[in-house]
Each structure stands twice: as structure tokens, then as C-alpha cells.
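User: I'm new to this one and would like to learn how to read it. Can you take me through it feature by feature?

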Amino acid sequence: MNEKIIAGTKLEKMLAEIIYDLGFDAEWQVKVGKYILDLYVREFHLGFEADGPQHLAAWHRRRDEERDHWLENTMGIPVFRASENDLENNPDLVEEYIESFIELYADSVYHRKSLAAGYWI
């Protein structure tokens, strides 16, 4: 396991390991407004969440959608969510999705960071 992985839940550690294996640095538990991102990749201004089974509940999904909407549209931070099932059973697929996610948003990093002007991240 990567020496940078020092804290977090089992799922957060699994997600971080994938991000680090891809060659990116991630910051842990970054506060953005009233929310805390599990992992944040500053280089691309992207958030990452490791979702346990509680995120399957309808009320929790609505809350996650509202949170992700605010993070992306107010702060310019798109959020990648990886489920417990995928992290435990399909880590290679999660890695492919993360690569695609980063590729999708890499070119817009400066524009998205300008949305967050005036906020500390």
C-alpha cells in the first residue's frame, strides 16, 4: 500500500490506492464550503468519494446529488463516486473510469477553478 495512505475508511483507502497508482496526488478530507470531500486531486480540481452502502438509500442519493451539484456548479469541482461493490469487486474497472473522468475534465481545469474564485480550496 502507498505510504501516503495513512487515514480514512477501508473504501477511501482503496480509492486512494487507485488514484495514487495512476500517478496522481490526492488530499484527504478536504473541506469545501459546508462539505468535505473524501479525496481531492488539486492538479485537476476534482473530487472523489468512496460510497458505502448507506449511499444506496433514496434520501442519501438525493443529498449526494444536491451536494455534487453544488460542488460542480458553484465550486467547479466535478465529483467521481465509487461504490463499495465496485471498489471491492471491480477495482480495475474503477481505475478505467477514473482515467476517463480525469481525461474528460483535464482541459477545463482553469475554467473550473475560476468558478471557485473567492473560496479557499
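User: Let's begin with the outside. What does the accessible surface of the protein chain come to, and what share of it belongs to carbon and sulfur atoms?

Analyst: First, keep in mind that this is a predicted model. The accessible surface of the protein chain comes to about 7,000 Å², and carbon and sulfur atoms hold 52% of that surface.

User: And the inside? How much of the chain do buried residues make up?

Analyst: A residue is called buried when its relative accessible area is under 20%. Here, 45% of the 121 residues in the protein chain are buried.

User: How many helices and strands are there, and in what order do they run?

Analyst: You'll find five helices and four strands. Starting from the N terminus, the order is α-β-β-β-α-β-α-α-α. Contacts tell you about the fold too: of those with a separation of 6 or more, 58% are between residues 24 or more positions apart.

User: Let's pick one helix. How do I check the span of helix α4?

Analyst: Count 1.5 Å a residue and compare with the ends. Helix α4 covers residues 91-106, and its 16 residues should span 22 Å. The C-alpha atoms at its ends are 22 Å apart, so the two agree.

User: Which residues of α4 are buried?

Analyst: Those are Val 94, Ile 98, Phe 101, Ile 102 and Tyr 105. Looking down the axis of α4, you see them within an arc of 95°, so the buried residues line one face of the helix. On the other side of α4 sit Asp 92, Glu 103 and Leu 104, which are exposed.

User: Now a charged-looking name: is Glu 49 buried or exposed?

Analyst: Look at the relative accessibility, with under 20% as the cut-off for buried. Glu 49, in strand β3, has 5% and therefore counts as buried. A polar atom of the Glu 49 side chain lies 2.8 Å from the backbone nitrogen of Asp 38. Beyond residues up to four places away in sequence, Glu 49 touches several others, including Leu 15, Arg 67, Phe 80 and Arg 81.

User: How many aromatic pairs does the structure hold?

Analyst: There are six aromatic pairs. In one of them, Phe 24 and Phe 44 meet edge-to-face, with 5.4 Å centre to centre and 80° between the planes. This pair links distant parts of the chain, 20 residues apart: Phe 24 is in the loop between α1 and β1, while Phe 44 is in the loop between β2 and β3. Both rings belong to buried residues, with relative accessibility of 18% for Phe 24 and 12% for Phe 44. Elsewhere, ring pairs join Phe 48, Phe 80, Phe 101 and Tyr 105 into a cluster.

User: Loops next. Where does Gly 76 lie, and what is it in contact with?

Analyst: Gly 76 is in the loop between α2 and β4, and at 0% relative accessibility Gly 76 counts as buried. Setting aside neighbours within four places in sequence, Gly 76 is in contact with His 45, Leu 71, Arg 112 and Leu 115. His 111 is 35 residues from Gly 76 in sequence, yet their C-alpha atoms are 8.0 Å apart.

User: One last loop residue: how far apart are the C-alpha atoms of Ala 26 and Tyr 40?

Analyst: They're separated by 5.3 Å, with their positions 14 residues apart along the chain. Ala 26 is in the loop between α1 and β1, and is buried with a relative accessible area of 10%. Among the residues in contact with Ala 26 are Ile 19, Leu 39 and Val 41.

Definitions and conventions:
Residues numbered from 1 in each chain as written. Predicted model: local features only at pLDDT ≥ 70, side-chain atom pairs only at ≥ 80, totals over all residues. Heavy atoms only, no water. Helix = DSSP H or I, 4+ residues; strand = E, 2+ residues; numbered from the N terminus. Expected span 1.5 Å × (residues − 1). Buried < 20%, exposed > 50% of the residue type's maximum accessible area, 1.4 Å probe, protein only. Arc of directions from axis to C-beta. Polar contact = N/O pair within 3.5 Å; in protein donor to acceptor, adjacent residues only side chain to side chain. Contact = heavy atoms within 4.5 Å. Phe/Tyr/Trp six-rings, centres within 6.5 Å; stacked < 30°, edge-to-face > 60°. Areas by Shrake-Rupley, 256 points an atom, 1.4 Å probe, with all protein chains shown as cover.
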